[in-house]
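User: I would like to learn how to read salt bridges, burial and confidence in a structure like this one. Could you take me through the features step by step, giving the general idea before the particular case?

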Amino acid sequence: MYKKIRSLVNSQAGESAITLPVLMLIIAMVLYMGVDFLGIYATSQKLRTAASETINLMKIENGWDSGTQIFFRDMLDKLGLPPNQVQVNFATPKSQSPPVQRGDPVTLEVSTKYEVRSLRPLNHEFSVPVKVRLTGLAQEYVRQ
């Protein structure tokens with residue numbers, strides 16, 4: 001059995017007519033998938049930028065509230081990410097008891113999904129989760 005498989009692998013019969021089109025197909029698919037890798041990276045960077053700007057605001061205001069949410073949605077719009085497809089998994093609330101004080105950590109965790117388009121011709125739907133988690137220290141002392 002091993003000799004039979006080895007002879008098929010080493011055989012060069014009919015190889016020249018098929019080699020070039022198959023090689024071109026493989027190269028085209030790899031390049032097409034590379035575009036998706038760049039898309040995943042770009043989505044991650046856009047999400048990280050929006051989250052970074054929002055965490056800076058959260059650090060100044062000691063947490064997340066409706067105004068921060070509006071700011072985050074506006075940042076997503078400006079960066080070209082659809083706000084309805086981005087989920088806020090966790091955000092340190094501003095109105096918690098006891099309140100967030102200066103030096104306490106504030107956290108923002110957001111996620112979205114990137115739909116891989118290069119596998120659609122092969123009848124595969126695949127989405128890659130993109131998650132960002134940022135933490136900073138609150139800057140304001142809240143008197144009680």
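Analyst: A salt bridge is taken here as a side-chain nitrogen of Lys or Arg lying within 4 Å of a carboxyl oxygen of Asp or Glu. The model is a predicted one, and by that rule the count comes to three salt bridges. In one of them the side chains of R133 and E109 meet, with an N to O distance of 2.7 Å.

User: Where in the chain do R133 and E109 lie?

Analyst: R133 belongs to strand β3 and E109 to strand β2, so that the pair, 24 residues apart, links distant parts of the chain. For accessibility, the general idea is that under 20% relative accessible area means buried and over 50% means exposed, with partly exposed in between. R133 therefore counts as exposed, because its relative accessibility is 51%, while E109, at 21%, counts as partly exposed.

User: Which residues are linked in a network of salt bridges?

Analyst: The network joins E61, D65 and K94. K94 pairs with D65, the closest N and O atoms being 3.1 Å apart. Because K94 lies in the loop between β1 and β2 and D65 in the loop between α2 and α3, this pair ties together parts that are 29 residues apart in sequence. The side chains of E61 and K94 also meet in a salt bridge, at 3.4 Å from N to O, and here the link runs from helix α2, which holds E61, to the loop between β1 and β2, across 33 residues.

User: How should I class the three network residues, as buried, partly exposed or exposed?

Analyst: E61 counts as partly exposed because its relative accessibility is 29%. K94, at 30%, is likewise partly exposed, and D65 is partly exposed with a relative accessible area of 26%.

User: What should I look for in the nonpolar core, and which residues touch the most other members?

Analyst: The general idea is to look for buried nonpolar residues joined through side-chain atoms within 4.5 Å. The largest such core has 24 residues, of which L47, M58, F72, L76, L108 and V110 touch the most other members. The elements giving two or more residues to this core are α2, α3 (66–79), β2 (105–116) and β3 (126–137), and the largest share, six residues, comes from α2. If neighbours within four places in sequence are left aside, the contacts of L108 include A51, I55, M58, W64, F90 and V132.

User: Is T43, also in helix α2, buried or exposed?

Analyst: T43 counts as buried because its relative accessibility is 12%. Beyond its neighbours within four places in sequence, T43 is in contact with L81, T112, Y114 and V130. A separation between C-alpha atoms is read in another way: those of T43 and N123, which are 80 residues apart along the chain, are separated by 23 Å.

User: Which residues make a nonpolar surface patch?

Analyst: I18, V22, I26 and V30 make a nonpolar surface patch of about 360 Å². I18 has its place in helix α2, which spans residues 15–61, and counts as exposed because its relative accessibility is 52%.

User: Which elements have the lowest and the highest mean pLDDT?

Analyst: The general idea is that pLDDT gives the predictor's confidence in each residue, from 0 to 100. Helix α1 (residues 2–10) has the lowest mean among the elements, 67, and strand β1 (residues 87–91) the highest, 97. The protein as a whole averages 88, and 90% of the residues score at least 70.

Methods: Residues are numbered from 1 along each chain as its sequence is written. Side-chain values use heavy atoms; hydrogens and water are left out. Patches are made of residues with over 30% relative accessible area and no salt bridge: like charges are joined within 9 Å, nonpolar side chains (Val, Leu, Ile, Met, Phe, Trp, Tyr) within 5 Å. Accessible areas come from the Shrake-Rupley method with a 1.4 Å probe; for residues, only the protein chains shown count as cover. Helices (H or I, at least four residues) and strands (E, at least two) are DSSP runs, numbered from the N terminus. Buried means under 20% relative accessible area, exposed over 50%, partly exposed in between (1.4 Å probe, protein chains only). Contact means heavy atoms within 4.5 Å.
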